[in-house]
Amino acid sequence: MSKKVVIIGGGIAGLSAGIYATMNGFDTEVIEMSAVAGGQCTAWDRKGYRFDYCLHWLVGTSKGAFHDIWKETNVINNETEIIDHEIHSRILDDEGNEFIIYSNIDRWEKSLIELAPEDKASIQKMCNDMRKSALLEPFALAPELRSPFDYIKIIPQMLPVFNVIRKFGRLTCKEYFDKLNFKSERIKSVFFSLYGNKDFSALAFIFMLGWFNQKNAGYIKGGSYPLAQRMVEKLWKLGGKLLYIKKVDKVIVENNVAKGVMLSDGTIIQADYVISAADGYSTIYNMLDAKYISKEIDFAYKNWELFTPIVQVSFGVNKAIPSDSPILINISKEKLIGKTKLENGYSIMNYAYDSTMAPEGKTTIVLRFDSPWKLWENMDVKEYKAEKLQIQKDATAYLEKEYPGISEFIEVIDVATPKTDVRYTGVKDGAYEGFMPSKDNMMKSLKMKLPGLQNFYMAGQWLFPGGGLPPSAQTGKWAVQLICKNEKQQFKII
Ligand SMILES: Cc1cc2nc3c(=O)[nH]c(=O)nc-3n(C[C@H](O)[C@H](O)[C@H](O)COP(=O)(O)OP(=O)(O)OC[C@H]3O[C@@H](n4cnc5c(N)ncnc54)[C@H](O)[C@@H]3O)c2cc1C
């Protein structure tokens, strides 16, 4: 009889773990508390419009170890259409000044030098750091399974990246921009507004633009929902099971060995191995009662800053509205939307580039802004309803600023708040990508095994500051590699 693997959570990490466990002959069951799989990687339909919550860029759309995972899990197949945007984002300030970030670094460098010839040397330096960062290759094997030779053999190719990591690995964006010493007020104002007011890691900024330059961080037409569904199809096709609307309350442990899970309705599901791909905090502190914890884990969950949650206002517009840029970021500060003071401005995403998002002749547009969890956590029902209405009103006014006259064509408005995310996925404090990558944690990760607990593995975005779809799927794969090692069987891909 095959050994049984139970996976808590049917987000991208859980689906990935489920697919690889099934491929490797385990009797696999993924348990998802929601009615749909995908977790944060989701979308919803309203009157023919699709409102996407997640996908904008997927590292690994063209090559590398992440690309292999996307192909193996059916995220990318012969039918998927990948869109590489020429413009990464368009930034607007309060005076209406425009600043464009191009995905192609040569093009961006040229435009930056035209804008600020006095900063030529600093611009070239920054762009070179980004070019070098593109040489970073993720590992295909879980850390525990790598030999020293696996590290040695990448040294020649990765030497320039190591240098970037050594120089900037412990800098925030602000410190990095200070070091570059830009003189242009325009460049300073945009960079500092976007990334300078948080403890955001300089490396995260450098790597992000490096991946775009390689055309290895595209958008997949159709967005988040079909992406997750393709993984569900693959899981089913292989014979894996996926239970919906079943919430895990506890991991069952006997003599420090995970033996299964208990659901909130009292059902017990026994297993030989348990992988948790659910929210990290709930797993460690609630499902396992904080019994299996190291100093590093406790420190991370108590001290590392979380992503500020977002409010997403989605608009269905009965008019075709073209756009040359997938995202427009307005860096106005100190303004209000509902009760939220905009610390990082707001962004507007026009999905005109993806025809699946709205009926022909119509457009889906999404406006998002950061909104701290403390504003939401204790809001009562009455206040919550009123706040959503106010947000709807304020957001429409900002949309009108960008697209004058649009209001009369808006036929659907949908407001999703940090509370919505917590309700559907259980993510801690609405931190949709887990820990924020900062100068203190950017080069760190949390272990997949918890100290003292056998036959149990963590997977998902909480293991790597910055989160994201690639590390989530990767850790799902790694968890199964570790189980295979434990079972002394060869890990295989079918
Ligand atoms: C607005 C937004 C934009 C983003 N943009 C991008 C992007 O462009 N590119 C990118 O790479 N990443 C992006 N991300 C991040 C990415 O979506 C996440 O990092 C990733 O989906 C996390 O996957 P996960 O499986 O680790 O966790 P989750 O998606 O949180 O999945 C956890 C799953 O576990 C389930 N669960 C929780 N508790 C239980 C329980 N007790 N019992 C049963 N089930 C449970 C939840 O319902 C959920 O389905 C974005 C996220 C958001 C929200």
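The following is a short exchange about helix crossings, domains and a ligand shell in a predicted model.

Reader: Which domains is the chain divided into?

Author: There is domain 1 (4–44 + 223–305 + 434–486), domain 2 (121–219) and domain 3 (310–428). These bounds come from an automatic or database domain assignment.

Reader: How far apart are the centres of domain 2 and domain 3?

Author: Taken over C-alpha atoms, the centres of domain 2 and domain 3 are separated by 30 Å. Four residues of domain 2 are nevertheless in contact with four residues of domain 3. On the domain 2 side, the touching residues are two nonpolar, two polar and no charged.

Reader: What makes two residues count as in contact?

Author: Their C-beta atoms, placed from the backbone, must lie within 7 Å.

Reader: Now the helices. Why are α1 and α10 called roughly parallel?

Author: The axes of α1 and helix α10 (residues 224–238) cross at roughly 25 degrees. Angles under 35 degrees count as roughly parallel. Therefore α1 and α10 are roughly parallel to each other. Their axes come within 9 Å, and the crossing is left-handed.

Reader: Which residues of α1 and α10 meet?

Author: From α1 come I12, L15, G18, I19, T22 and M23. From α10 come A228, M231, V232, K234, L235 and L238. By class, this contact of α1 with α10 holds nine nonpolar, two polar and one charged residues.

Reader: What makes α4 roughly perpendicular to α9?

Author: Helix α4 (residues 120–133) and helix α9 (residues 202–213) have axes that cross at roughly 70 degrees. The range for roughly perpendicular is 65 to 115. So α4 is roughly perpendicular to α9. The axes come within 7 Å. The crossing of α4 past α9 is right-handed.

Reader: Which residues make the contact of α4 with α9?

Author: In α4 they are D129, M130, R131 and S133. In α9 they are I206, F207, L209, G210 and N213. The classes are four nonpolar, three polar and two charged.

Reader: Why are α4 and α6 called oblique?

Author: The axes of α4 and helix α6 (residues 155–168) cross at roughly 125 degrees. Roughly perpendicular covers 65 to 115, and roughly antiparallel needs an angle over 145. The angle of roughly 125 degrees fits neither, so α4 and α6 are oblique to each other. Their axes come within 8 Å. This crossing is left-handed.

Reader: Which residues of α4 and α6 make that contact?

Author: D129, K132 and S133 of α4 meet P160, V161 and V164 of α6. The contact of α4 with α6 counts three nonpolar, one polar and two charged residues.

Reader: On to the ligand. How many residues surround the ligand, and which are the closest?

Author: The ligand is surrounded by 39 residues. The closest are G9, G11, G39, Y432 and G460. By class, the shell has 19 nonpolar, 16 polar and four charged residues.

Reader: Why does G9 count as polar?

Author: Gly is among the residues counted as polar, so G9 falls in that class.

Reader: Where do the shell residues come from?

Author: Domain 1 and domain 3 each give at least three residues to the shell around the ligand. Among the helices, α1 (12–23) and α16 (469–486) each supply at least two.

Terms used:
Residues are numbered from 1 along each chain as its sequence is written. This is a predicted model: local features need pLDDT of at least 70, side-chain atom pairs count only at pLDDT 80 or more; totals for chains, interfaces and linings use all residues. Axes are lines fitted to C-alpha atoms, for helices over the stretch in contact, and angles run from 0 to 180 degrees between N-to-C directions. Helices (H or I, at least four residues) and strands (E, at least two) are DSSP runs, numbered from the N terminus. A crossing is left-handed if the near helix is turned anticlockwise from the far one by less than a right angle, and right-handed if clockwise. A residue is near a molecule or strand if its C-beta atom, placed from the backbone, lies within 6 Å of it.
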